[in-house]
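This report describes a ligand site, a metal site, the cysteines and some backbone details of one protein model. The sequence and structure come first.

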Amino acid sequence: MVSLEQLVFSYGPIRALDGVSMVVGEGEFFVVAGPNGSGKSTLLKILCGLERPQSGRAELLGRPVSAYRRKERSQLVAYLPQTVPLDFPFSALEVVLMGRHPHVGLLHMEDRDDVDKALEAMARTDVAHLKDRPVTALSGGERQRVFLAQALCREPRLLVLDEPTAALDPAHQVRLMDLLEDLRHERGLTVVMVSHDINLAAMYGDRVLLLKHGRVVCQGPPEEVFTFQTLEETYGCVVLVDKSPLGCFPRVTPVPKRYLQKEGTAKENR
Ligand code: ADP
Ligand code: MG
């Protein structure tokens with residue numbers, strides 16, 4: 001589905017990506033993690049065709065991202081940015097319906113089928129009850145779920161999400177991740193998402209990639225990537241890694257300073 005090879009991208013003098021390669025298979029759940037400013041959002045923008053790398057290759061389904069026409073690309077890929085600028089008080093349903101534009105065309109009216117698809121997507125992200133409310137008057141988490149519904153009702157083959165769980169309460173975080181997992185099974189949806197939540201990434205990701213200063217530290221299955229050595233090298237803080245009581249994936253606990261100063265510290269007990 002996605003193939004990125006040796007991507008280099010700079011914003012003027014700032015090198016955001018420095019030789020990043022990754023491959024995501026069809027139907028895979030792929031999570032990108034890494035410290036603030038490590039290049040995660042830039043990587044997603046290149047993969048969606050919103051930025052062009054200065055060097056390297058970015059392909060979707062074996063074809064350069066830049067070779068897709070905009071409409072074709074937006075039927076294939078739905079991208080949910082980290083923050084969506086909002087200035088007009090569209091209703092939540094109107095915002096979700098905009099997700100149908102790549103299918104109906106900007107100058108055509110949505111039909112009943114489009115409205116049904118929008119309402120179904122809203123039910124799945126738990127925002128159906130907000131359909132007539134202006135999006136400008138919703139909470140951060142509610143708005144996030146409205147924009148997720150917009151992305152879903154586009155029925156993409158690839159969903160690209162930038163920190164989609166950041167504004168959500170724990171119940172909605174798990175619900176969103178479960179929904180993505182269901183969609184993979186129902187439609188073979190491929191998911192590439194940026195998340196700071198290492199534990200969610202470990203529970204749901206088939207493979208994960210850790211970025212630091214625009215370079216790949218490590219990529220592979222969560223149990224191979226999320227070791228305390230790799231996480232400490234990436235984030236520069238002390239973490240404990242043990243096994244989740246739920247199954248064979250790692251559980252990561254960042255260690256507060258006060259525990260590092262005690263006798264028999266967490267660090268030595270690892
Ligand atoms: P992340 O999503 O991992 O936090 P980003 O991809 O947003 O990181 O940013 C990577 C680097 O590029 C950071 O150093 C950031 O400050 C810089 N950067 C991001 N967007 C811009 C921009 N529009 N202009 C200049 N520098 C930018
Ligand atoms: Mg970002």
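Gln6 counts as partly exposed, because its relative accessibility is 47%. This residue belongs to strand S1, which covers residues 2-11. The model is a predicted one. The phi angle of Gln6 is near 50°, a positive value in a residue other than glycine. Most residues other than glycine have a negative phi.

Glu163 also has a phi near 50°, and it too is not a glycine. Glu163 sits in the loop between strand S7 (158-162) and helix H7 (170-187). With a relative accessible area of 13%, Glu163 is buried, since the cut-off for that class is under 20%.

**Ligand 1**

The shell around ligand 1 consists of Tyr11, Ile14, Ala16, Pro35, Asn36, Gly37, Ser38, Gly39, Lys40, Ser41 and Thr42. By class, four of these residues are nonpolar, six are polar and one is charged. Strand S2 (14-24) and helix H1 (40-47) each contribute at least two residues to the shell. The largest share, three residues, comes from H1.

Which protein atoms lie 2.7 Å, 2.9 Å and 2.5 Å from an oxygen atom of ligand 1? The table lists them.

| Residue | Protein atom | Partner | Distance |
|---|---|---|---|
| Gly37 | backbone N or O | oxygen atom of ligand 1 | 2.7 Å |
| Ser41 | polar side-chain atom | oxygen atom of ligand 1 | 2.9 Å |
| Thr42 | side-chain N or O | oxygen atom of ligand 1 | 2.5 Å |

The Gly37 entry is a backbone atom, whereas Ser41 takes part through its side chain, and so does Thr42. Ligand 1 taken alone exposes 560 Å², and the protein buries 62% of that area.

**Magnesium site**

Ser41, listed above for ligand 1, is also a donor to the magnesium ion, ligand 2. The protein donors of this ion are the OG atom of Ser41 and the OE1 atom of Gln82, at 2.1 to 2.5 Å. The two donors link distant parts of the chain, 41 residues apart. Ser41 is in helix H1, while Gln82 is in the loop between strand S6 (77-80) and helix H3 (92-97).

Are these donors buried or exposed? Ser41 counts as buried because its relative accessibility is 19%, and the limit for that class is under 20%. Gln82 is partly exposed, as its relative accessible area is 38%.

**Cysteines**

How many disulfides does the structure hold? The number is zero. For Cys153, the nearest cysteine sulfur is that of Cys48, 17 Å away. A disulfide requires the two sulfur atoms to be within 2.5 Å, so this pair does not qualify. Cys153 is buried, with a relative accessible area of 2%.

Cys248 is likewise in no disulfide, and its nearest cysteine sulfur, that of Cys218, is 18 Å away. Cys248 is exposed, with a relative accessible area of 62%.

**Val239 and Val8**

Val239 is part of strand S11, residues 239-243. Its relative accessible area is 4%, so Val239 is classed as buried. Along the chain, Val239 and Val8 are 231 residues apart, and their C-alpha atoms are separated by 30 Å.

Note on methods. Residues numbered from 1 in each chain as written. Chains lettered and ligands numbered in written order. Predicted model: local features only at pLDDT ≥ 70, side-chain atom pairs only at ≥ 80, totals over all residues. Heavy atoms only, no water. Near = heavy atom within 4 Å. Polar contact = N/O pair within 3.5 Å; in protein donor to acceptor, adjacent residues only side chain to side chain. Areas by Shrake-Rupley, 256 points an atom, 1.4 Å probe, with all protein chains shown as cover. Helix = DSSP H or I, 4+ residues; strand = E, 2+ residues; numbered from the N terminus. Nonpolar A, V, L, I, M, F, W, Y, C, P; charged D, E, K, R; others polar. Donors = N, O, S within 2.8 Å, 3.2 Å for Na, K, Ca; no water. Buried < 20%, exposed > 50% of the residue type's maximum accessible area, 1.4 Å probe, protein only.
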